[in-house]
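Here are some notes to read with the structure open beside you. They are numbered so that you can take them one at a time.

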Amino acid sequence: MNGCNIAPSNEDVMAKKLIISPHIDDEILGCGGILDDEAMVLHCGIEDRSTVSAEERIEEIESAKGILGFHSKLLRKNVVNSFKVSDLIPDIERTINEHKPEAVYIPHPSYNCLLYTSDAADDLLCVDLGGR
């Protein structure tokens with residue numbers, strides 16, 4: 001690791017869209033229609049499950065990236081469903097500052113996609129893009 005929670009990545013790209021994905025696959029279920037080569041996905045955590053290992057989940061993401069063309073970073077030390085949002089803020093801020101997206105999307109638990117966008121970072125607009 002590089003002194004922070006974000007796993008090393010060669011994904012140093014400017015991204016027009018940032019998708020903050022609480023769980024691996026939320027980005028596809030909630031925001032799949034906007035995933036392309038202008039999208040950076042920040043996966044907030046990963047864990048081994050009884051049915052699938054963390055490494056298998058990573059392989060699934062790599063496969064999806066190959067098909068859809070998006071870029072991603074993984075917060076490897078966070079365990080899914082156990083992290084505190086406040087612990088994620090420094091990594092989210094770092095990712096926003098690094099990639100300078102025009103819009104930030106967060107898949108909603110109902111798999112709707114929430115869009116946060118603004119010309120001024122302190123004046124965010126939230127739009128529910130629908131889903132299901």
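1. Let's begin with Arg57, which counts as buried because its relative accessibility is 17%, below the 20% cut-off for that label. Please keep in mind that this is a predicted model. Arg57 forms a salt bridge with Glu60, and their closest N and O atoms are 2.8 Å apart. Glu60, at 42% relative accessibility, is partly exposed. Both residues belong to helix 2 (residues 54-68), where they sit 3 residues apart, about one turn of the helix.

2. Which residues are linked with Arg57 in a network of salt bridges? The network consists of Asp25, Arg57 and Glu60. In total, the structure holds 9 salt bridges, and two further pairs deserve your attention.

3. One of these is Lys73 with Glu98, whose closest N and O atoms lie 2.2 Å apart. This pair links distant parts of the chain, with Lys73 in strand 3 (residues 71-74) and Glu98 in helix 3, 25 residues apart. Lys73 counts as buried at 5% relative accessibility, whereas Glu98 is partly exposed at 34%.

4. The other is Arg49 with Glu47, where 2.6 Å separates the closest N and O atoms of the salt bridge. Is Glu47 buried or exposed? Glu47 is buried, with a relative accessible area of 19%, so it falls under the 20% limit. Its partner Arg49 has 44% relative accessibility and counts as partly exposed.

5. His43 is a good residue to centre your view on. You will find His43 in strand 2, buried with a relative accessible area of 1%. The side chains of His43 and Glu27 are joined by a polar contact of 3.2 Å. Leaving aside residues up to four places away in sequence, His43 touches Ser21, His23, Ile24, Glu27, Ile61, Ser72, Lys73, Leu74 and Leu75. Lys73, from the salt bridge with Glu98, is thus among the contacts of His43.

6. Now for the nonpolar side chains. In soluble globular proteins, such side chains tend to be buried together. Here the largest nonpolar core has 10 residues: Ala15, Leu18, Ile20, Met40, Leu42, Cys44, Leu75, Leu88, Ile92 and Val104. At least two residues of this core come from each of strand 1 (17-21), strand 2 (39-43) and helix 3 (85-99). There is also a second, separate core of 9 residues, including Cys31, Val41, Ala103 and Tyr105.

7. Helix 3 is worth tracing from end to end. With 15 residues, helix 3 reaches 20 Å from its first C-alpha to its last, close to the 21 Å expected at 1.5 Å a residue. Where is the kink in helix 3 centred? The kink, of about 25°, is centred on Asp91. Just after the helix comes Lys100, which has a positive phi near 50°.

8. Finally, look at which residues of helix 3 are buried. They are Leu88, Asp91, Ile92, Thr95 and His99, and what covers them includes strand 1, strand 2 and strand 3. Two of these names come up elsewhere in the note: Leu88 and Ile92 belong to the largest nonpolar core. Asp91, also buried, is the residue on which the kink is centred.

Methods
Residues numbered from 1 in each chain as written. Predicted model: local features only at pLDDT ≥ 70, side-chain atom pairs only at ≥ 80, totals over all residues. Heavy atoms only, no water. Core = buried A, V, L, I, M, F, W, Y, C linked by side-chain atoms within 4.5 Å. Buried < 20%, exposed > 50% of the residue type's maximum accessible area, 1.4 Å probe, protein only. Helix = DSSP H or I, 4+ residues; strand = E, 2+ residues; numbered from the N terminus. Salt bridge = Lys/Arg side-chain N within 4 Å of Asp/Glu carboxyl O. Polar contact = N/O pair within 3.5 Å; in protein donor to acceptor, adjacent residues only side chain to side chain. Contact = heavy atoms within 4.5 Å. Expected span 1.5 Å × (residues − 1). Bend = angle between axes of the 7 residues up to and from the residue.
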